[in-house]
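Here's a quick briefing to read with the model open beside you. Have a look at the overall fold, then follow the bullets.

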Amino acid sequence: MLDSTANTKIQHAIGALDKALATGDIDGALKLFNDDCYWRDFVSFTWNLKTLAGKDEIRAMLKARLADVKPSGWKMPEDEVASSADGLTEGFIQFETAVARGEGYIKLKDGKIWVLLTTMKELKGHEEPAGPTRPLGALHGMHLGDASWLEDREKEKAELGIKTQPYVLIVGGAQAGIILGARLRQLGVPTLIIEKHGRPGDNWRSRYKSLCTHDPVWYDHLPYIKFPQNWPIFMPKDKIAGWLDMFADVMELDYWGHTEARKATYDEKTRTWTVKVVRDGKEITLKPKQLVLATGMSGKPNKPKFPGQDKFKGIQKHSSEYGGDVDALKGKRVVVIGSNNSAHDICGALAENGIDVTMVQRSSTHVSRSQSLMKHALGPLYSEEAVAAGLTTEKADLLFAAIPYALMCESLKPSTEAIKKDDAKFYEGLKKRGFMMNFGPGDGGLFALYLFRASGYYIDIGASQLIIDGKIKLASGSQVKELTEHGVLLEDGRELPADVVVYATGYASMNSFAADLISKEVANKVGKCWGVGSNTPLDPGPWEGEQRNMWKPTQQEGLWFEGGNLAQSRFYSQYMALQLKARQEGIPTPVYGLQDVHHREFARG
């Protein structure tokens, strides 16, 4: 429900907060919050991504940061109308700090602040040239001898990394790397992106034939250049690959394809990285101040080790190596070990082409039908209906960010229950086939699993029905004991005949790449990437409140991690770029609440 009374309530709350913070009255500010409250800050107050739970944590942050931040000008955006429903009053807000302009979202419960989201939108004096401040481009009049745009661009590409050094080096030039690169380009930060493949889209292009995006187009927009109105809801891999290539070119990114990072070391005295790379067979030394590992959630394949792998007479591949050539598999028996997205996609493509394929499900999997997920989970924020209601991608992102991770499962329960009800017959069909299911931690569904562990789920685009119909064989409820010469032996005694074994077993933590590129000591220094400490499978405690090491400062100075799906890359790259720009400009960036490290994954040596 939209009403002016809701606006008045929010204006009163942020007006009182503005006054208390401006006068340094922390006790007065805290009286405006519920006892059960959350303040989620992205960079604006903490130079970090940080969730503060409860008044004690908020008090500690304000004591440490209020004098430097100097927040002011709290207000609702012009023409914005707040809403009231189910005992909550909520709406968008704007504010300023000493060095930045910010935006966010507020939720009031019983007249007091329950959830406050504050995010940095832009640095004062370092705004992106856009709209009224866009560059002129053409040089009208007589300019004899001046270089053209193309000549200037070619000169820049030829010199960066050779005659001049980038301030930021991004290792990994797929979606996450180029999106961050585009943000930094707009902020005027010299940035070089290197990628072992030739083009930004090759990470998609080189995967199995049936791969497509599993999230809908409204959720997947890139910054600056959104997908056209006629773009398909789910994009085939080669279509999204072409779009990423185009994006990097149009956004004028400095991009080295066919370039591999071999070794990186950090000089604590000069605060500079030395990175040895090989480009088209030639070794080059780069000296960036900031090193970003954007190898993504699919960076380093997790290849399991089973007894008998050396004896197996057939073909073994990780899903990342599987190209989808179904003709080469005609007449062969394929066993796919794993039961998440990639496993289902591969099994589905094989079954549809008449190939004998068996999925080995070793633990339960959450399955959501794509249509149901769009209707109940994503639809309210990311859909044609949401766009028609005036909900832009940027507003939708802030609304989603205004749900602290501690409240995520409870917030998602209603959509999970609706999906269970709508798809009861579908789930019963899977259950009859022996498929083991769950509905995520705390019944939080797919999003809880993704945010906590980035695995354990399948967004159904057809393979589940093939399981129900028996076209994909299923071996569930047992672990793999060993590979034999001609098959896979399970611990319960079943032997699955196989000519080909595909390991759809996911990927290692992103800091495993840091261990290879830098050292195991540095990888242990920063610790595990991803997860929030939910103390659920693959996401050990203690509770962290935000994603470990992602898009924010780490325990290793000058080392950053960028990754996630298209939506996360779009959203969080803004805050990561602002952090890097501030450092380049020498703006003080005292990090509040730098993450402690609880999980070191690499043995010395």
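A quick word on terms: helices (at least four residues) and strands (at least two) are DSSP runs, numbered from the N terminus. By that count, the protein chain has 19 helices and 25 strands. Keep in mind that this is a predicted model.

**Overall build**

- The radius of gyration is 25 Å, which agrees with the value near 25 Å expected for a compact globule of 605 residues.
- Along the principal axes, the C-alpha trace spans about 75 × 65 × 50 Å.
- Of the chain's 605 residues, 55% count as buried.
- Looking at contacts between residues at least 6 apart in sequence, 66% join residues at least 24 apart.

**Surface and charge**

- The chain exposes about 26300 Å², and 51% of that comes from carbon and sulfur atoms.
- There are 76 positive and 76 negative charges, and their mean positions sit 4 Å apart.

**A mostly covered helix**

- Helix H15 runs over residues 445–453, and eight of its nine residues are buried.
- Among those buried residues are Leu 446, Phe 447, Leu 449, Tyr 450, Leu 451 and Phe 452.
- Just past the end of H15, Ala 454 has a positive phi of about 60°.

**Cysteines**

- How many disulfides does a search of the whole structure find? The search turns up zero.
- Why is Cys 212 not bonded to Cys 347? Its closest cysteine sulfur is the one in Cys 347, but at 15 Å that is too far for a bond.
- Cys 409 is in no disulfide either, with the nearest cysteine sulfur, in Cys 37, 20 Å away.
- Both of these unpaired residues are tucked in: Cys 212 is buried at a relative accessible area of 13%, and Cys 409 counts as buried at 16%.

**Backbone oddities in loops**

- Val 43 sits in the loop between strand S1 (33–42) and strand S2 (49–53). Its phi is near 80°, a positive value in a residue other than glycine.
- Val 43 counts as buried because its relative accessibility is 0%, and the cut-off for buried is under 20%.
- The loop between helix H18 (520–526) and strand S25 (559–561) holds Pro 542. The peptide bond leading into Pro 542 from Gly 541 is cis, with omega near 5°.
- Trp 530 is found in the loop between H18 and S25 too. Trp 530 has a positive phi, near 75°, and at 4% relative accessibility it counts as buried.

Technical notes. Residues numbered from 1 in each chain as written. Predicted model: local features only at pLDDT ≥ 70, side-chain atom pairs only at ≥ 80, totals over all residues. Heavy atoms only, no water. Buried < 20%, exposed > 50% of the residue type's maximum accessible area, 1.4 Å probe, protein only. Rg over C-alpha atoms; globule rule 2.2 N^0.38 Å. Contact = heavy atoms within 4.5 Å. Areas by Shrake-Rupley, 256 points an atom, 1.4 Å probe, with all protein chains shown as cover. Lys, Arg positive; Asp, Glu negative; His and termini not counted. Charge placed at Lys NZ, Arg CZ, Asp CG, Glu CD. Disulfide = S-S within 2.5 Å.
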